[in-house]
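Biologist: I am new to this structure and would like a close look at a single part of it, the nonpolar core and what surrounds it. Please take me through it step by step.

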Amino acid sequence: MMNHSRMRILVGTVALGLASAAFASPASVALSQAVTKGARIFNTDSFGSHEQSFNGRHTTCSSCHIDGGRIMGRLPNGKRIPSLTNAAAIFPRYSPKAHKVITLETQIRGCVRNGLLGHPPAYGSQTMADLVSYLGSLAHGQRIMIGGKPR
């Protein structure tokens with residue numbers, strides 16, 4: 001059972017959240033929604049792939065990028081991959097594999113096509129904008145290091 005002081009704090013917190021939402025700019029609301037949608041896509045969308053992940057479900061970005069990309073991940077072959085906490089801060093960067101400079105969007109499309117064996121989101125699509133917004137939220141506060149190394 002919740003005591004009265006905890007209840008007042010909870011009610012006050014909810015009221016503050018509602019008041020803050022009422023005064024939020026359309027831009028901050030739209031960005032917040034894009035980050036939320038991007039997280040959902042990252043964790044649930046197989047992009048049309050019929051591949052099975054380690055646990056027998058369809059593969060998603062989170063099949064390899066553990067904890068929503070917040071910690072070091074692992075490919076199906078066991079190879080460790082960096083977290084995505086600074087991904088948005090290091091692109092564009094040179095890809096030795098492609099022998100050219102690539103953008104974050106190009107990297108996302110490559111992961112979906114080659115890693116998930118799915119249909120990548122189109123450049124400029126809302127799905128791509130949502131995924132980039134989510135990855136940007138993971139890199140919030142990171143120093144911009146174009147061409148830097150993933151962590």
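**The core and its surroundings**

Modeller: This is a predicted model, and the mean pLDDT of its chain is 85, with 80% of the residues reaching 70 or more. Confidence is lowest in helix α1, residues 4–23, where the mean is 45, and highest in α6, where it is 97. Over residues 1–19 the pLDDT is below 50, and beyond near neighbours in sequence this stretch has two contacts in the model.

With that in mind, we can turn to the core itself. The largest nonpolar core has 19 residues, and those with the most contacts inside it are Phe42, Phe47, Ile108 and Leu135. The elements that give two or more residues to this core are α2, α4, α5 and α6, and the largest share, five residues, comes from α6. As a general background, nonpolar side chains tend to be buried together in soluble globular proteins.

Leu135 is a good place to begin, since its neighbours can be listed one by one. Leaving aside residues up to four places away in sequence, Leu135 touches Phe42, Leu84, Ala88, Leu104 and Ile108. Two of these partners, Leu104 and Ile108, are among the buried residues of α5, and another, Phe42, is also buried.

Phe42 leads on to the aromatic side chains, for the structure holds one aromatic pair. Phe42 and Tyr134 form this pair, with 5.3 Å from centre to centre and 50 degrees between the planes, and the arrangement is tilted. The pair links distant parts of the chain, as Phe42 belongs to helix α2 and Tyr134 to helix α6, 92 residues apart. Both Phe42 and Tyr134 are buried.

Helix α5, residues 104–115, deserves its own description. Its twelve residues reach 15 Å from the first C-alpha to the last, which is close to the 16 Å expected at 1.5 Å a residue. Within α5, the residues Leu104, Ile108, Arg109, Gly110 and Val112 are buried, and what covers the buried residues of this helix includes α4, β4 and α6. Just after α5, Leu117 takes a positive phi of about 60 degrees.

That positive value brings us to the backbone in the loops. Most residues other than glycine have a negative phi, and most peptide bonds are trans. Asp67, in the loop between α3 and β1, has a positive phi near 55 degrees, and at 45% relative accessibility Asp67 counts as partly exposed. His99, in the loop between β3 and β4, has a positive phi near 60 degrees, and with a relative accessible area of 62% His99 is exposed.

A cis peptide bond, with omega about 0 degrees, joins Phe91 and Pro92, and Pro92 is placed in the loop between α4 and β3. The ring of Phe91 also has a charged neighbour, for Arg93 lies over its face, at 5.9 Å from the ring centre.

One more loop residue completes the picture. Ser46 lies in the loop between α2 and α3, and Ser46 counts as buried because its relative accessibility is 17%, where buried means under 20%. Setting aside residues up to four places away in sequence, Ser46 touches His58, Thr59, Thr60 and Gly118.

Terms used:
Residues numbered from 1 in each chain as written. Heavy atoms only, no water. Helix = DSSP H or I, 4+ residues; strand = E, 2+ residues; numbered from the N terminus. Buried < 20%, exposed > 50% of the residue type's maximum accessible area, 1.4 Å probe, protein only. Contact = heavy atoms within 4.5 Å. Core = buried A, V, L, I, M, F, W, Y, C linked by side-chain atoms within 4.5 Å. Phe/Tyr/Trp six-rings, centres within 6.5 Å; stacked < 30°, edge-to-face > 60°. Lys NZ or Arg CZ within 6 Å of the ring centre and 35° of its normal. pLDDT = per-residue confidence, 0-100. Expected span 1.5 Å × (residues − 1).
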